[in-house]
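Here is a relaxed walk through a structure you may not have met before. Take a look at it first, and then we'll go through some of its parts one by one.

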Amino acid sequence: MGDMVVVRKEGLYCVPGDFYIDPWRPVPRAVITHAHGDHARVGHGHYLAAAPGIGVLKSRLGDITVDAMDYGQTVTHNGVKISLHPAGHVLGSAQVRMECGGEVWVASGDYKVEPDKTCAPFEPVRCDTFITESTFGLPIYRWQPEAELMAEINAWWRKNADEGRCSVVFAYSFGKAQRILAGLDASIGTIVCHGSVEPLNRAYRAEGVDIPPTVLVSEIDKALLRRAMVIAPPSASGSTWMKRFGDYSDAFASGWMLLRGARRRRGVDRGFVLSDHADWPGLMSAIKATEAERVIVTHGSIPTLVRWLNQNGLDASGFETEYGDEEEGEVAPETAPEAAPEAAPEAAPDAAARDSAVADNTAGAPDA
Amino acid sequence: MREFARLYADLDETTSTTRKLDALKAYFASAAPENAAWAVYFLAGGKPRQAVPTKLLRQFAIDYAALDEWLFDESYAAVGDFAETIAHILPPPTQRSDIGLAEWMEERIGPLRGADPGRIREALFGYWNELDWRERFLLVKLIGGGFRVGVSRLLVTRALAAIAAVDSKLIAQRLMGWTDGRVKPTAAGFLQLIAEQSDEEHKLRGGQPYPFFLSHQLAAEPATLGEPADWIVEWKYDGIRAQLVRRDGQSFLWSRGEDLITERFPELAAARLPDGMVLDGEVLIWQPDSPMPSAFADLQKRIGRKTISSKLLAELPAVLCCYDLLELDGVDLRALPQHERRALLEVEVAKLDQRQLRLSPVVEADSWEALAVLRAGSRARSVEGMMLKARTAQYGVGRTKDVGTWWKWKIDPYAIDAVLLYAQPGSGRRASLYTDYTFAVWDGAGDERKLVPFAKAYSGLTDAEIAQVDNVIRRTTIEKFGPVRSVKPTMVFEIGFEGIALSPRHKAGIAVRFPRILRRRSDKPVDEADTLDMLKGLLEAATA
């Protein structure tokens with residue numbers, strides 16, 4: 001039997017099942033691992049996704065034909081037993097388990113190993129072949145525990161508030177924003193969310209995720225802004241929308257903020273290292289836990305991870321995909337935010353240039 | 001170390017001067033004096049010698065992290081900073097310590113210098129296991145000797161002045177020589193640095209120079225400065241700015257970077273100066289029978305040498321071209337007006353009557369127009385233009401205008417249109433962006449015509465321009481040699497430089513001084529870039 005999953009020009013394709021996983025071109029049947037723009041696209045005939053993510057998926061893609069599956073539930077399609085398992089990345093994110101002829105393949109989509117309060121925690125799924133992402137596939141990437149990081153964010157907020165200065169955290173609207181919100185100490189001040197973040201807050205709350213009360217900037221008494229925490233998408237940085245906050249202190253929350261160079265290029269006061277992807281130890285432990293003998297690496301540091309895994313006794317190779325070049329895909333610190341759908345017209349003029357600079361780097365080596 | 005790491009992070013993470021100043025003040029107010037002394041040393045630009053060779057640091061970090069060399073190299077390529085790479089690839093510590101900066105420097109890092117590799121390895125493994133990544137980053141910087149922090153010396157001076165409640169000029173004075181590396185930073189030294197002003201201030205000075213008074217670039221027309229009669233005009237020499245200090249029967253020669261360079265210029269150290277005299281001037285190579293100084297390239301041959309042979313001394317004799325007198329008979333003259341100091345200087349230099357002490361002549365002309373004509377002949381005199389010093393100016397501290405101004409009225413730089421041929425990534429803020437470029441000009445004619453590299457340059461572009469150029473470089477790469485990419489010649493830049501000299505070491509046979517990018521010439525096709533013949537023409541004109 002040949003490989004169960006291959007790359008076609010439309011996307012990852014399950015051969016016996018005759019369906020695609022997170023395809024980047026329109027196809028009849030698509031299994032969607034999560035609702036980020038580079039994984040969930042419009043134009044497919046039929047969608048299948050994990051139940052907790054259906055609300056977000058519909059809010060982003062509009063009126064689509066979609067079947068919801070609970071985590072762990074099984075359906076059989078063209079002889080392939082399909083089930084979805086939590087990936088711990090964002091609300092509703094799933095790994096796709098496919099079983100056919102006694103062989104098991106798992107496609108991870110994007111995943112994060114450390115649990116957080118906003119989505120079901122990553123579940124290791126035993127398989128023969130594991131398709132893994134590699135966004136942060138270099139040993140320099142090690143995340144500190146989320147609780148420690150949230151304590152730092154709250155301390156920074158409190159200090160700013162005590163000095164009468166508004167705090168602004170730039171974070172992607174879907175996933176990152178809600179993770180920060182869930183960890184904020186709402187006793188410090190009012191929490192303001194940008195208009196592009198608020199709809200996602202609603203979707204999270206609808207799924208029972210505990211997000212503290214938030215308001216839009218139009219709803220807050222100006223005097224309260226001096227103690228407020230503002231969560232806004234990176235594209236709001238440098239826009240006229242920011243002017244109302246006066247002498248604010250700003251921060252950017254992303255895994256890329258680990259590096260001083262990336263942080264300084266971003267030009268914010270603080271960089272908080274918070275990612276929805278697995279760090280290097282996370283990738284290693286996740287791969288090990290699957291007990292897979294064969295690993296296929298997608299978007300991120302493909303050559304690096306492939307070489308390292310082969311050296312460590314696994315049968316590793318790479319898939320060239322089109323993931324990771326949009327929004328939360330965090331392909332590189334310079335590109336991601338400007339490519340966000342909510343990009344403000346004030347977005348940096350050099351964004352386009354950098355965009356193609358990175359797109360050019362198709363080998364998948366991270367540019368940051 | 002934790003305290004200092006916190007300060008470093010605070011300074012590194014903000015772009016606001018006020019917040020940097022607050023962080024410095026908070027640190028100096030709470031740090032133990034022996035630790036603060038070392039912090040001042042580093043913040044003011046002190047650069048200790050490397051305690052452990054980079055090669056060993058790299059090897060031990062790879063061992064500790066249980067990684068392969070290639071994976072370390074890939075990580076380094078992504079990070080762009082050696083110390084930061086090491087800080088991040090090491091597994092988290094299993095214990096914590098908080099030992100002061102002074103103890104780190106004196107008891108732990110100092111003894112590693114020259115120790116045997118096994119001992120260094122054992123020590124590093126122990127140290128790494130008790131520090132978080134920020135502290136490890138600093139540790140590697142402190143060991144590797146490459147410590148730099150994004151804070152100006154002026155800001156450090158202001159923070160110390162605020163803590164000490166004394167004038168920041170006094171702090172600047174006391175800070176002279178701190179980073180020289182010959183004097184160990186101590187608690188007593190720090191307490192003296194922030195002490196109240198005393199009558200003994202002068203005695204405490206030892207062989208230290210005065211803070212250099214720096215000039216400003218004259219962008220406007222000189223006529224905006226008023227009457228030429230209100231200005232003392234001199235040539236602007238292209239050498240090493242230096243103070244020659246004579247106190248307690250000893251001579252000290254200090255460069256503007258506050259390096260003690262006495263030993264590099266024995267003929268200047270040997271000048272017979274009376275005790276309590278400080279001269280400010282330019283170190284130049286000047287042949288005895290020549291009407292003008294030699295090119296900077298000759299001075300470079302002297303700077304590079306640790307030991308100076310008597311042959312070299314004879315071939316390339318150095319002089320101090322004196323233009324100011326800061327101290328006479330142990331009295332600080334800096335508050336006197338320029339013209340009075342000048343008058344005293346003329347008297348003293350004449351009295352000293354020594355070959356290696358020349359007086360910087362005053363350029364006489366009765367109008368700005370006449371001066372402009374003289375200035376146009378600067379290159380033929382081997383100078384960079386003119387200095388305009390207000391007759392009433394005191395000798396200020398640093399780049400100030402509050403007690404009178406020195407202007408540099410430089411001739412326009414040479415400019416040439418050249419083609420970008422190679423690029424490599426920068427470091428720090430510019431890590432992973434292609435910011436360092438090699439430029440070439442055309443040589444030959446017809447089919448034989450080829451591009452010859454002649455200069456490397458990196459500054460002068462805005463972030464937006466860098467991003468554009470970076471993009472083109474990635475799209476037009478021909479080959480990669482390690483971090484360097486060769487690119488298809490598609491981009492033309494106007495390159496400015498200050499001087500030009502023959503150089504057998506360079507492919508083009510010439511070397512230019514202070515090359516920098518003036519602007520991108522998007523309007524100019526590659527074929528129309530300038531030629532090596534044009535460069536040679538500039539060289540001939542300069543040496544004619």
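Two strands count as paired if DSSP finds at least two bridges between them. Keep that in mind as we start with chain A, and keep in mind too that this is a predicted model.

**A six-stranded sheet in chain A**

Chain A has an open sheet of six strands, in the order β1-β2-β3-β4-β5-β6, and its pairing is mixed. At the edges stand β1 (5–8) and β6 (66–69) of chain A; each has a single partner strand, so one side of each has no neighbour in the sheet. Going from one strand to the next, the twist averages 30 degrees.

Let's zoom in on one pair in this sheet. Strand β3 (residues 19–21) and strand β4 (residues 29–31) of chain A run parallel and are joined by two bridges. What is the bridge partner of A:Tyr20 in β4(A)? That would be A:Ala30.

Between β3 and β4 of chain A comes a loop, and A:Asp22 sits in it. This residue is not a glycine, yet A:Asp22 has a positive phi of about 45 degrees. Is A:Asp22 buried or exposed? It's buried, because 24 other C-beta atoms lie within 10 Å, and the cut-off for being buried is 20 or more.

Chain B has a residue to set beside this one. B:Asp248 is in the loop between β3 (240–247) and β4 (250–255) of chain B. B:Asp248 is not a glycine either, and has a positive phi of about 50 degrees. B:Asp248 counts as exposed, though, because it has 11 C-beta neighbours inside 10 Å, and 12 or fewer is what makes a residue exposed.

**A five-stranded sheet in chain A**

There's another open sheet in chain A, this one of five strands, with the order β13-β14-β12-β15-β16 and parallel pairing. Its edges are β13 (191–193) and β16 (270–272) of chain A; each has a single partner strand, so one side of each is left without a neighbour in the sheet. Here the twist averages 25 degrees from one strand to the next.

Within this sheet, strand β12 (residues 167–170) and strand β15 (residues 249–253) of chain A pair in the parallel sense over four bridges. Which residue stands opposite A:Val169 in β15(A)? It's A:Ala251. A helix joins the picture as well: α3 (residues 176–183) of chain A lies across β12, β13, β14 (229–232) and β15 of chain A, and runs at about 160 degrees to β14(A).

**Domains, chain by chain**

Both chains come with a domain assignment. In chain A, domain 1 is made of two stretches, 5–141 + 276–330, and domain 2 covers 146–272. In chain B, domain 1 is 216–410 and domain 2 is 414–543. The table gives the distance between domain centres, taken over C-alpha atoms, and the residues each domain puts into the contact.

| Chain | Distance between centres of domain 1 and domain 2 | Contact residues from domain 1 | Contact residues from domain 2 |
|---|---|---|---|
| A | 29 Å | 19 residues | 20 residues |
| B | 34 Å | six residues | five residues |

**A helix with two faces in chain B**

Now for helix α8 (residues 117–128) of chain B. At 1.5 Å a residue, its 12 residues should span 16 Å, and the end C-alpha atoms are indeed 16 Å apart, so the two agree. Which residues of α8(B) are buried? They are B:Ile120, B:Leu124, B:Tyr127 and B:Trp128. These cover an arc of only 90 degrees around the axis, which puts them on the same side of α8(B). In general, an α-helix has 3.6 residues a turn, so residues three or four places apart point the same way.

What do the buried residues of α8(B) pack against? Their partners are α4 (54–65), α7 (101–109) and α9 (133–144) of chain B. Turned away from the buried side is a face with the exposed residues B:Gly118, B:Arg119, B:Glu122 and B:Gly126.

**A buried loop residue in chain B**

One last stop: B:Val383, in the loop between α17 (368–376) and β9 (385–390) of chain B. B:Val383 counts as buried because it has 23 C-beta neighbours inside 10 Å. Leaving aside neighbours within four places in sequence, B:Val383 is in contact with B:Trp235, B:Lys236, B:Tyr237, B:Asp238 and B:Ser378. How far is its C-alpha atom from that of B:Leu57, 326 residues away along the chain? The two are separated by 45 Å.

Notes:
Residues numbered from 1 in each chain as written. Chains lettered and ligands numbered in written order. Predicted model: local features only at pLDDT ≥ 70, side-chain atom pairs only at ≥ 80, totals over all residues. Expected span 1.5 Å × (residues − 1). Arc of directions from axis to C-beta. Contact = placed C-beta atoms within 7 Å. Axes fitted to C-alpha atoms, helices over the stretch in contact; angles between N-to-C directions. Domains from an automatic or database assignment.
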